[in-house]
Amino acid sequence: MNDSILTLTGLTRDFGAFRAVDGVSLFIRRGSITGLIGPNGAGKTTLFNMVAGTLKPTSGTVALDGKDVTGRSAEALFRMGLARTFQIPRPFKRMSVIDNLLLAPPAQIGESVPGALFRRGRVAEQERALREKAQEILEFVTLDHLAEHPAGKISGGQMKLLELGRALMGDPTVILLDEPAAGVNPTLTAILIDRIEELNRRGMTFVIIEHDMDFVMRHCDPVIALAEGKVLFEGTAEEARVNPELLDAYLGA
Ligand code: ADP
């Protein structure tokens, strides 16, 4: 399935006797900005957590670019090019914005060079390269002027941009974004969307959980709706907007 960057098959997650995600089978189209919608409690976050490696599925599989990655850790997936952000960003607040980027897991190449004579030199060189990369990413997400600020002192919208920046440190092919627009002022939302679309033009795939239907309508195609742990709908945002079953699911929530 070359067209599918992520393939979920029968993905299921139980919490005790409660089935939060119930046999979800999906393709995420390579190069898409896919919207994931559905009422509260539909299982969107649980699905993200299973795909991103922070929660193990009860059953079912996840394949990234055709490779079975079910049950791999978030860090392993990050190194494989799958990154996710959180609805409520959680930066290390006392650390600077740029140091938050430098904490991202990959590229610790120094550790894998076995007994290298010039190890210290190499590590220093890698650190310089990483810092340069972080600096470029900060420019890209328009936070370069805040590089040395404590991450706890930036605004909620800037934290979302920082999260996107952290995700970019892994050179991802897929980014899962959890409510990027929630609680963010329109100016920063516009910047965030512009950056997402630029990355998408460069080939990056996005899966976005978003409640703001206006956002979904304008920026997501296709749209997948979950309700009660199951896929209720797949189609365009416009089709989602007028889908009676989906409307019922929201009203019933
Ligand atoms: P959504 O993101 O669509 O709002 P969630 O994936 O957060 O939905 O939750 C789906 C269902 O699973 C909800 O009923 C929620 O209460 C339940 N749930 C989520 N996480 C847990 C957990 N760790 N323990 C027990 N129930 C959970």
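**View 1. The hairpin of strand 9 and strand 10.** With 2 residues between them, strand 9 and strand 10 make a hairpin, and Glu-228 in its turn has a positive phi of about 50°. Before going on, a word on what you are looking at: this is a predicted model, in which local features need pLDDT of at least 70, side-chain atom pairs count only at pLDDT 80 or more, and totals for chains, interfaces and linings use all residues. Residue numbers start from 1 along each chain as its sequence is written. Helices (H or I, at least four residues) and strands (E, at least two) are DSSP runs, numbered from the N terminus. Strand 9 (residues 223-227) and strand 10 run antiparallel and are joined by 5 bridges. Follow the ladder and you will find Ile-224 bridged to Glu-234 in strand 10, and Ala-227 bridged to Lys-230.

**View 2. The mixed sheet around strand 9.** Here 6 strands form an open sheet in the order 6-7-8-3-9-10, with mixed pairing; two strands pair if DSSP finds at least two bridges between them. Strand 6 (82-84) and strand 10 (230-235) are at the edges with a single partner strand each, so one side of each is left without a neighbour in the sheet. From one strand to the next, the twist averages 20°. Helix 1 packs on this sheet, touching strand 3 (33-37), strand 6, strand 7 (174-178), strand 8 (205-209) and strand 9, and its direction makes about 150° with that of strand 7. Axes are lines fitted to C-alpha atoms, for helices over the stretch in contact, and angles run from 0 to 180 degrees between N-to-C directions. On the other pairing of strand 9 shown here, 3 bridges join it to strand 3, and the two run parallel; Ile-37 has Ala-225 as its bridge partner.

**View 3. Strand 9, covered on both faces.** In a regular strand the side chains alternate between the two faces of the sheet. What covers the two faces of strand 9 can be read residue by residue: Val-223, Ala-225 and Ala-227 on one side, and Ile-224 and Leu-226 on the other, are all buried. A residue is buried if 20 or more other C-beta atoms, placed from the backbone, lie within 10 Å of its own, exposed if 12 or fewer, and partly exposed in between. Since 5 of the 5 residues of strand 9 are buried, the strand is largely enclosed by the rest of the structure.

**View 4. The antiparallel sheet and helix 1.** An open sheet of 4 strands follows the order 2-1-4-5, with antiparallel pairing. Its edges are strand 2 and strand 5 (67-68), each with a single partner strand, so one side of each is left without a neighbour in the sheet. Strand 4 (residues 59-64) and strand 5 run antiparallel, joined by 2 bridges, and Leu-64 has Lys-67 as its bridge partner in strand 5. Helix 1 lies across strand 1 (4-15), strand 2 and strand 4, at about 120° to strand 1.

**View 5. Helix 1 and Leu-47.** Take a moment with helix 1: 9 of its 9 residues are buried, so the helix is largely enclosed by the rest of the structure. After it comes Gly-53, with a positive phi near 90°. Leu-47 sits in helix 1 and is buried, with 29 other C-beta atoms within 10 Å. Not counting residues up to four places away in sequence, Leu-47 touches Leu-11, Val-21, Val-24 and Leu-226; contact here means C-beta atoms, placed from the backbone, within 7 Å.

**View 6. The largest nonpolar core.** This core has 65 residues, and Leu-47, Val-51, Leu-138, Ile-175, Leu-176, Ile-208 and Ala-225 have the most contacts inside it. Helix 6 (residues 156-168) gives the most to this core, with 6 residues. A nonpolar core is a set of buried Ala, Val, Leu, Ile, Met, Phe, Trp, Tyr and Cys residues joined through C-beta atoms within 7 Å. Leaving aside neighbours within four places in sequence, Ile-175 is in contact with Ala-83, Ala-167, Met-204 and Phe-206.

**View 7. The shell around the ligand.** Among the residues around the ligand are Phe-15, Phe-18, Asn-40, Lys-44 and Thr-45; a residue belongs here if its C-beta atom, placed from the backbone, lies within 6 Å. Helix 1 gives the most to the shell, with 3 residues.

Definitions and conventions:
Two residues are in contact if their C-beta atoms, placed from the backbone, lie within 7 Å.
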